[in-house]
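Reader: I am new to this structure and would like a close look at a single part. Please take the surroundings of ligand 1, and then place that part among the rest of the model.

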Amino acid sequence: MTEKIAVAVAENLINLTIDNREVSVPAGTLVVNAAKLAGIDIPVFCYHPKMEPVGMCRMCLVEIGRPAIDRASGKPLLNKDGSPQINFGPKLETGCTVPVSKGMVVRGYTEEVTEARKEVIEFLLTSHPLDCPICDKGGECPLQNLTMEHGPGQSRFIFDEKIDLAKNVPLGDLIFLDRERCIQCARCTRFQDEIVDDPVIGFSQRGRALEIITFSDPGFDSYWSGNTTDICPVGALTTTDFRFEARPWELQSHASICNHCSVGCNTTLNTRREAKSGGDEVIKRVMPRQNEQVNEIWICDKGRFAHHYTESPDRLTQPLIRKGDALEPATWDEALQLVGDKFKKSKGKFAALAGGRLTNEDFFNIQQVTAKLGGKALLDSQMAGGEMVAQVGVGQGTNLSDLRAGDVVLVIASDLEEEAPLHWLRIKQAAERGAQLIVANPRRTKLDQVAHRLIRYEYGQEAAVVHAMLDSFSPKRPDQPASVKQLLRDESVKAAAEDVQSATNLIVFYGSEGLDVAGSHTLASACANLLIATGHVGRSNNGLVAVWDKGNAQGAWDAGFATSVNLADDLAAAPNLYIVGADPVGDRPDLAETFEAAEFVVVQELFLTKTAQMADVVLPVLPYTEREGTYTNAERRVQRFYPAISPRPGARADFAIAAQIGLALGLELESKLASLAFEQLAARLPAYKDLTYGKLAETFEQWPIIGREDLYYGGTTYDNTQGLGVQPPSGAERGESPALSFEALTDPEKRKGLLAVPVTRLYDLGLTVTTSEILATHWEQPHIVLSPADAEKLGLELGAQATIKLNNMQSPVAARIDNRVPKGVVLVPRSVGLHIFGPAPIEVGA
Amino acid sequence: MAEHILLRHRDNKEISKLPTYRKGSGFSAFERAVTKLNPEEVTDIVFDSGLRGRGGAGFPTGLKWRFMDKNNWPHYVAVNADESEPGTFKDRELMESNPYQFLEGVMLCAYAVGCNDAYIYLRGEFWDLAHELDKHITKLHKEKLLGDQLFGTEYSLRIHTHLGAGAYICGEETAMLESLEGKLGQPRLRPPFPPSFGLFGKPTVVNNVETLANVPLILEKGAKWYRGFGTEKSPGTKIFSLSGNVMKPGNYELPLGTTFRELIFEHGGGLREGRSIKAIMPAGASSSLIVANDVALDTQMDYENVPNVGAMLGSASIIVIDDSVSMDWLINKTVHFFEHESCGKCTPCREGTYWMKNITERIHHGEAVWDDVLLLNDVATNIKGKCLCALGDFATEAVTSSIERFREDFETRVPQSRPKTEVKLSL
Amino acid sequence: MNHLRDQYGKEIEDVLARYPETQKRAAVMPLLYIAQREDGYVSTQDMDDIAELLAISTTDVASIVGFYTLYHDEQAGRYRIQVCNDLPCALRGADDFLDGLCDHLGVKPGETTPDGVVTVEAVMCLAACDKAPMFQVQSYDGIAYHEVQTVKSAVKLVDGWRKEKASG
Ligand SMILES: Cc1cc2nc3c(=O)[nH]c(=O)nc-3n(C[C@H](O)[C@H](O)[C@H](O)COP(=O)(O)O)c2cc1C
Ligand code: SF4
Ligand code: FES
């Protein structure tokens, strides 16, 4: 795998000299990286610190000398003055492929070396179109920068002899290729192949005709494609989103956190003021920001392209109050007054339902309001277990990049690449580094390809698998149902139990595949028990990770929210409803009745959702791009994001609104500064005790070093200057001793017909995705996936239209057939217009 | 040469038939090796013979075999039958006409390095030849010379042919391995070298066809016998592929150390009436041009002497150039070849060969000025020594050597009116 | 639904058996030759089929097709006459031979005769430098050498193919 420099590790250091500077770096470090660590720039094009060196662009040629050794004695030969004699080879060597060795002498700026650099640049430019003035990369282009610094300043190539190649080649609907600008460094193809195992672009032809091709359908169809534009050292690859949109030097950058999934990728939002927005700032693109503990320097395409919802013209900008059948505009004072009055009278009959995209500050204030009213604080999610995650960790200092041989990762009930792409990537890399990866899922997923052990179970047996593992090394519990006993005989389960027991470190990821809230809770509890029983709690690189459906679900749990096992009942029992960042009616039409029957409904939202349409008061809010706040990711890292553009007039931040409502209830909550709201939160929540906005904004040096103007090295990924976030201690680390508490399991019911199970798709039809037109061809349409056997039985062919009856609703769907789906099971994706909240009987008709 | 060691079909046409080959003690060396010698002993004999690789670089064969990493298994043998250097056509004749000796060489090599699966990578154009070899291999299986538990020992061996598909670069050993793995035939970084990281990431010996064809007789008759041919540092015989402006082009198996003069004038029948020899390219299109004066003609063709006249022996593909040929035409040909065959992986080769092609085209068509000749020389110099594999260097040899040694040819091609600047000479 | 597997199942199995279990990708070159057997070029469908057989991406297969000169992604003449006019052959008259042949067939190098029988191509050294002028003929299933040629002998060969075609 990619050579990794543990800057902090002082053992095994090699001393060498680079340009007369003494340098001391870990064994195995490549010459270019050693130079980088010493602050000396050796320019590169093809080399990228996240990928294996290939040594093909020849930009990094340097003189390398090694101490001469006397053959007979094996001792170093010395010069007259006693210094070691250094032998320089006849040729220059590529610094990107040569690891350092003891006593090595590197010369990076001799005449020969600078000449060679000049020559390489002259060669590269012979076929380059030199169209910087119209190139999107201009201003942040490694080729441009290195040409200015190291190039010959003049070309001897006759311009007329330049080859003409296609300039606007859509590789897919997200990425364009300019063939003339490509310098054949293969960074993009190697990224797709080596890093994300999705080799849908490649080289064809050879020699000067070498060119990037794609034969995927649709083109360049990869969840990762945007990253190639960051690491392309020229303007060959550009995104449809950004090309021809702005020049890099016009852009402001603002640190942010992606909230599309629970990984919490660090991002930078690039903005610019535009006339067409009345002189206001507009988000021009989303870029990754380096956080080696979270997303390294990558983000997935959803994070990069699905930001357009925040700028939608359909957003709410004025409070609305119901007058009869209609919602009518009102002032904030009117609306808040009304809400305060009504809520005050709701004592005991109150519930708040909040979505996982809210910030910690929002959750805290809403929870305070709810507690004051003696109501329930409900998280709008289909997953449970956040309180257990908070208890058993993962512990402070966890970094998936540290996992290696001896460590074990168990991923259960999750299609990780779809649910949390960056987690998929980092677990894959851990597995490639030697960590033992156990994947448990009823069907094959992409993660299987790197797994060392696979456990197949039937949907409904998720927790049973974990119980069977526990039983295999602890006293068998007599009350286990038949399915556990049967799984106990499964060789892969037994072997996995052994892995887990002997693991140096153990992290368990559980997802939501095939589960409802109750099932999710049982699974989480089983996993927590497994960790406790094997002593894998309360320290770094150990613990439980919930693959949440939203960016800040863990923050909600930490603030005292919990998912409801029976949402309809819970809502019906509390006729005063405070719905924030959630659309229960849109998700589940059967809840419409509950809302109709409710006494008073307040909805805080960006858009006039189905639920908002039924509300008594609607309060317009600000998206995360227009405010600041913190999120807690699935690995319990609390991270800070900053406002990128000015807030849309009329809308307010959720925590502020909650605080203003709280005022009427006699609560003193912070309504202005998110940082102060966070202080209040930190004072109340033990886990967050020592955290402040200042702490969250701290950074330290990361490897690889990017920024420092050397775009040629890491790409256009942003350096992290605004905070790496902090992982607060888990309950276990704060001295709470989590106890084993077994939940009794029952066997899944015997069923006759087909079982629908919910699965997750990256590009569902959620609001955030469908407001980003650029992703239109990637939107999932309503579909089901069945096994070939079932499809045949039903007379369904690939792509055929079918009708399903599920949860009392009929819907037309497209039928997909996939031999990875077990017989008797129908996969139903969440959030694509089909209503599924857990495994349920389904009827499928042709 | 009284009798051939390699081109034995010239002495006995029937040797391509298995019974005939076996009658003449064929496969006895292999049987003896497998049943009586351990792999190291086989390697030692080849090492002692001083056999050097015939694929171009002349690396000692026994030494290469000794480099195989013994801590990493399985081991592979990948035979280089890509033969694509312009002017080289010896391996094809060997495999066509004396196939069993070649295959026995492969088998001995495989035994010596503990390999159970050997691959023969043939250039795609050798389609018919590959199918013939497949038939021979099937016969060897039938006769239990290949397969499992040979001669009642634990040793098993299979040989597979694999066709390339038209790419000179696949003759470069690491590109060949990539190609054999089903990837683009682009060279790998070295180190690691194939004996530690080769085919499928496993230790691999890559040897040329002719190299291995020597091995059966070395095993049969001994290292000392083999050293009776050739010179001290270049023992044995070599097949010289003679082509170009000679009367009798073809393959000639002669001891290393034979002079150019003997090859060209005695065996090759000299030049056409009225033509005189102008230049020699001893290593195919990758070669520097030697000025064919008496000193050069009397130079011995072996690994140590050819460099004295400013070239390398390489694969010993002797292209003879007579005085009707102008060097601007000649390098236009060679540069086109390398431009067409550059794999495109590294910058100087990919861009440099393309640039050189533009310039040689212009020079050859009389559309250049003297500065273009200088530029060409400069571009070639800039390519040299900076590429990932040797193809880049190869592309420059004919260019720089001809500008240096046959300057008049270029002077007559570019308008005389232009001022001439001096070319920096380098030998 | 995999046309190649349906058509050449046994042969493909034999090819796959030559390579280690975990290295099936190595079979991509032999499989491309099989795919080319039907109409002399590799279609996108063929590439998809091979990708499926070897569990690699179609793009990977297409890369291979593009890199090597003996694979084609477009239909050309039934027979490709590939004349070597590289240096050694050119020293022995290959350029003149190529010109003569092209003149006679009324095509330029790279072009196909209107009846679709022959495509003439100039190629690099074929390891037959002592037998110049020479060419190889790449047909749908195989490559054959023709050495020591004259325009006349080459034309005779072409005429033979044309007759063959005319008689169905
Ligand atoms: C561009 C290039 C082309 C080559 N072509 C061939 C070839 O066609 N046949 C061959 O045997 N060696 C060729 N070689 C040499 C091989 O890389 C390698 O040195 C050789 O096969 C080793 O075998 P040997 O030790 O038996 O000579 C080529 C090398 C380069 C750099
Ligand atoms: S497109 Fe960019 S990253 Fe890809 S090879 Fe070309 S220059 Fe390199
Ligand atoms: S060769 Fe070293 S950076 Fe490209």
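Author: What follows describes the shell around ligand 1 and then turns to other parts of the model. The model is a predicted one.

Start with the residues around the ligand. There are 19 residues around ligand 1, and those that come nearest are B:Gly55, B:Lys64, B:Asn207, B:Asn208 and B:Thr211. Sorted by class, this shell has eight polar, six charged and five nonpolar residues.

Three polar contacts can be followed in the picture. One involves a side chain: a polar side-chain atom of B:Asn208 is 2.7 Å from an oxygen atom of ligand 1. The other two involve the backbone. A polar backbone atom of B:Glu83 lies 3.2 Å from an oxygen atom of ligand 1, and for a polar backbone atom of B:Ser84 the distance to an oxygen atom of the ligand is 3.4 Å. Taken alone, ligand 1 exposes 610 Å², of which the protein buries 91%.

Two elements of chain B each give two or more residues to the shell around ligand 1: strand S4 (204-208) and helix H17 (390-405). The domains of the chain put this in a wider frame. Residues of the shell come from both domain 1 (8-226) and domain 3 (327-413) of chain B, so ligand 1 lies between these domains.

Chain B also has two cis peptide bonds to look at. The bond from B:Trp73 to B:Pro74 is cis, with omega near -5°. B:Pro74 sits in the loop between helix H4 (61-66) and strand S1 (75-81) of chain B. The bond from B:Arg190 to B:Pro191 is cis as well, with omega near -5°. B:Pro191 is found in the loop that runs between helix H8 (173-180) and S4 of chain B, and S4 is one of the elements named above for the shell around ligand 1.

Ligand 2 has its own surroundings, with 13 residues around it. A:Cys182, A:Cys185, A:Ala186, A:Cys188 and A:Cys232 come nearest to ligand 2. The shell around ligand 2 divides into eleven nonpolar residues, one polar and one charged.

In chain A, the domain assignment gives five entries: domain 1 (3-109), domain 2 (122-239), domain 3 (320-381 + 555-689), domain 4 (387-547) and domain 5 (754-845). Between the C-alpha centres of domain 1 and domain 4 of chain A the distance is 43 Å. A:Asn541 has phi near 60°, a positive value in a residue other than glycine. The place of A:Asn541 is the loop between helix H15 (517-533) and strand S23 (543-546) of chain A.

The structure also holds seven cavities of 30 Å³ or more, and the largest has a volume of about 180 Å³. It is lined by 16 residues, with A:Thr229, A:Thr238, A:Thr239, A:Phe242 and A:Arg285 closest to its centre. Helix H5 (225-231), strand S11 (237-239), strand S14 (280-288) and helix H6 (301-305) of chain A each give two or more residues to the lining of the largest cavity. Its lining divides into seven charged, five nonpolar and four polar residues.

Last comes chain C, which has seven helices and four strands. Chain C is divided into domain 1 (3-67) and domain 2 (79-167), and 29 Å separate the C-alpha centres of these domains. The C-alpha trace of chain C spans about 50 × 35 × 25 Å along its principal axes.

Terms used: Residues numbered from 1 in each chain as written. Chains lettered and ligands numbered in written order. Predicted model: local features only at pLDDT ≥ 70, side-chain atom pairs only at ≥ 80, totals over all residues. Heavy atoms only, no water. 1 Å grid on protein atoms, 1.4 Å probe; cavity = no way out; pocket = protein on both sides within 12 Å on 5 of 7 lines; lining within 4 Å. Points joined across faces, edges and corners; volume = space filled by probe spheres on them. Nonpolar A, V, L, I, M, F, W, Y, C, P; charged D, E, K, R; others polar. Domains from an automatic or database assignment. Near = heavy atom within 4 Å. Polar contact = N/O pair within 3.5 Å; in protein donor to acceptor, adjacent residues only side chain to side chain. Areas by Shrake-Rupley, 256 points an atom, 1.4 Å probe, with all protein chains shown as cover.
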